[in-house]
Amino acid sequence: MDYDYDVTVIGAGAAGLTASGVCASLGAKTALVEARKAGGDCTWYGCIPSKALLKSAATAHAIRTAETYGVKAGSCSIDFPAIMKRVHDIQQQVYDEADKPEIYENMGVRFIEGKASFLDEFTLQVRLPDGTDRTLRSKNFIIATGSSPYIPPVEGLESVDYLTNETLFTLKQRPERLLVLGAGPIGIEMGQAFARFGSAVTVFDAASRILPNDHPDLTGILQKKLEEEGMTFRLGSTVTSVSGQDAVITVTAQESGTGKKIIAEGDALLVAAGRIANTGALQLDAAGIGTHQRGIAVNGSCQTSKRHIYACGDVTGGLQFTHVAEHMAKVAATNMLTRLPMSTDDRHIPWCTYCDPEMAHVGEREENLKKKRISYEVYRFPFSRIDRAITDNRTDGWIRIYAAGLDGKIYGADILGSHAGELISELALAMRNGITLRQMSDTVHPYPTYALGNRRAADQWYVRKQSGALVGLLQFFFGYQGKMPEKTDPDRIV
């Protein structure tokens, strides 16, 4: 059978770009098909623009709170068009330096602009920008078409000009009142950003708390901080209808339990209610590719129900993070072309929500440890006792590590605090390589750093290991006269 390519990758987002680069580097004749613009969600609608916006918001907040540090900065004026221009300039810079098709063409990847659909398991039809169709045959495929915003079936929503993460960054003017549907990462990050720009922000969610995948003790602390910055939360409330009139959008919700009606008005509405896999246009049935409710079904090697077709990233319906997409892409390409057994690492995946303070997690959640009846202890350390956090006036938050009491094996961790996204990486590395709390505690960390908080949390394992019997023996043999260590308070932090 004649093939045009050894591998055809569908989708040029984080997963597709990574997969095509790996395939080309392994000597495969590779094609990369993209219906929109290379870079995908991360560059154009997600990670890059949102973090650029958050930096501008953090700068505005720093100016307003400068007197806390003994600095009189004067008034803070928001030039929203200039902020958005900076966001777009950064997007273009990232695209030019990392995503541009020419970069991959130079690696040996054939970039094809068009909308792809399967004719059979070895044949792809691509609708080109000029409306014509091109057919290509490939020995292998990697599907990396990503995901799109989920639009909930709310009465009247389709009649208003709502925003999603794909349109938010095209705003020309700052909304005076921003309504947000969804208290997940996108809703929390963008809600805080616009609150710091001066918008009145109201967030609706049917869940009883924000960021439901993170630890409830920490999300409670975070919510109070966001409320102090002016955000309003309508949690445990189901949005029943949306309407618009004279540039005013009205959201009506019903409070669960009480049935109380809640009405809020705004100038803009951001829908951040989750995401769905981009599979509709692919004609997966024609290729015999199996799916599930969330997307394309894959095994631990990212292989679909067809041995020569792999899928990675958001389209598989798993954790929707750029770093996960890239990890899956490497696994898929390596398995496909080398036949060396390699599987995704699902147990040590960190994530971070880039609000202020940041919220990060890795490994098992505490509630899952309880459900699985795994014996563990919680080792905590507050940011209020991290000297670097004190000097920076960033003392809100906690480090929580879940580990075995016997040997300090780490099962998971949650961190709320400044630089939590950086701190969680050390714990992810420790977990993946079997490094225990004892070994972390014995590792010298530079002072004063935020990372020292990880070591101080690990020190608590040693504190728990203090044995009254051992101390008693030392006092008996060597005549020591000090107090016996305090053992009555299991939450004691030293």
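**Close-up views of a predicted model**

**View A. Arg394 is partly exposed, with a relative accessible area of 26%.** Everything shown here and in the other views comes from a predicted model. Zoom in on the side chain and you'll find that Arg394 forms a salt bridge with Asp356, with 2.2 Å between the closest N and O atoms. This pair links distant parts of the chain, 38 residues apart: Asp356 belongs to the loop between strand S19 (351-353) and strand S20 (358-363), and Arg394 to the loop between helix H11 (387-391) and strand S22 (398-403). Asp356 counts as buried because its relative accessibility is 18%, and the cut-off for buried is under 20%. Arg394, at 26%, lands in the partly exposed class instead. Widen the view a little and the pair turns out to have company: Arg196, Glu229, Asp356 and Arg394 are linked in a network of salt bridges.

**View B. A cis peptide bond joins Asp356 and Pro357.** Omega is about 5 degrees here. Pro357 is in the loop between S19 and S20. Asp356, on the other side of this bond, is the salt-bridge partner of Arg394. For context, most peptide bonds are trans.

**View C. The second largest pocket holds about 940 Å³ of space.** Which residues come closest to its centre? Of the 31 that line the second largest pocket, they are Ala58, His61, Arg196, Asp356 and Arg394. Arg196, Asp356 and Arg394 should look familiar, being members of the salt-bridge network. Two elements give two or more residues to the lining, namely helix H3 (47-64) and helix H6 (185-197). H3 gives the most, with 8 residues. By class, the lining of this pocket divides into 10 nonpolar, 10 polar and 11 charged residues.

**View D. Asp41 and Arg275 form a salt bridge, with the closest N and O atoms 3.2 Å apart.** The two partners come from distant parts of the chain, 234 residues apart, with Arg275 in strand S15 (residues 275-277) and Asp41 in helix H2 (residues 40-44). Buried or exposed, where does Arg275 fall? Arg275 counts as buried, since its relative accessibility is 18%. Asp41 is partly exposed, with a relative accessible area of 26%.

**View E. Asp6 and Lys139 form a salt bridge, with 4.0 Å between the closest N and O atoms.** This is another link between distant parts of the chain: Asp6 is in strand S1 (residues 5-10) and Lys139 in strand S6 (residues 133-143), 133 residues apart. Asp6 has 26% relative accessibility, so it counts as partly exposed. Lys139 is partly exposed too, with a relative accessible area of 39%. Keep in mind that the structure holds 26 salt bridges, and the views pick out some of them.

**View F. A nonpolar surface patch of about 830 Å² includes Leu473.** Who makes up this patch? The members are Leu470, Leu473, Leu474, Phe476, Phe477, Phe478 and Tyr480. Take Leu473 as a sample residue: Leu473 is in helix H15 (residues 468-478). With 48% relative accessibility, Leu473 counts as partly exposed, because the exposed class needs over 50%.

**View G. Tyr447 and Pro448 are joined by a cis peptide bond.** Omega is near -5 degrees for the bond from Tyr447 to Pro448. Pro448 has its place in the loop between helix H13 (437-441) and helix H14 (452-465).

**View H. Arg339 has a positive phi of about 65 degrees, although it is not a glycine.** Most residues other than glycine have a negative phi. Arg339 is found in the loop between helix H9 (322-338) and S19. Its side of the story on solvent is plain: with a relative accessible area of 60%, Arg339 is exposed.

**View I. Arg373 is another non-glycine residue with a positive phi, about 55 degrees.** Where does it sit along the chain? Arg373 is in the loop between helix H10 (366-371) and strand S21 (377-382). Arg373 is exposed, with a relative accessible area of 78%.

Note on methods. Residues numbered from 1 in each chain as written. Predicted model: local features only at pLDDT ≥ 70, side-chain atom pairs only at ≥ 80, totals over all residues. Heavy atoms only, no water. Patch = residues over 30% accessible without salt bridge, like charges linked within 9 Å, V, L, I, M, F, W, Y side chains within 5 Å. Areas by Shrake-Rupley, 256 points an atom, 1.4 Å probe, with all protein chains shown as cover. Helix = DSSP H or I, 4+ residues; strand = E, 2+ residues; numbered from the N terminus. Buried < 20%, exposed > 50% of the residue type's maximum accessible area, 1.4 Å probe, protein only. 1 Å grid on protein atoms, 1.4 Å probe; cavity = no way out; pocket = protein on both sides within 12 Å on 5 of 7 lines; lining within 4 Å. Points joined across faces, edges and corners; volume = space filled by probe spheres on them. Nonpolar A, V, L, I, M, F, W, Y, C, P; charged D, E, K, R; others polar.
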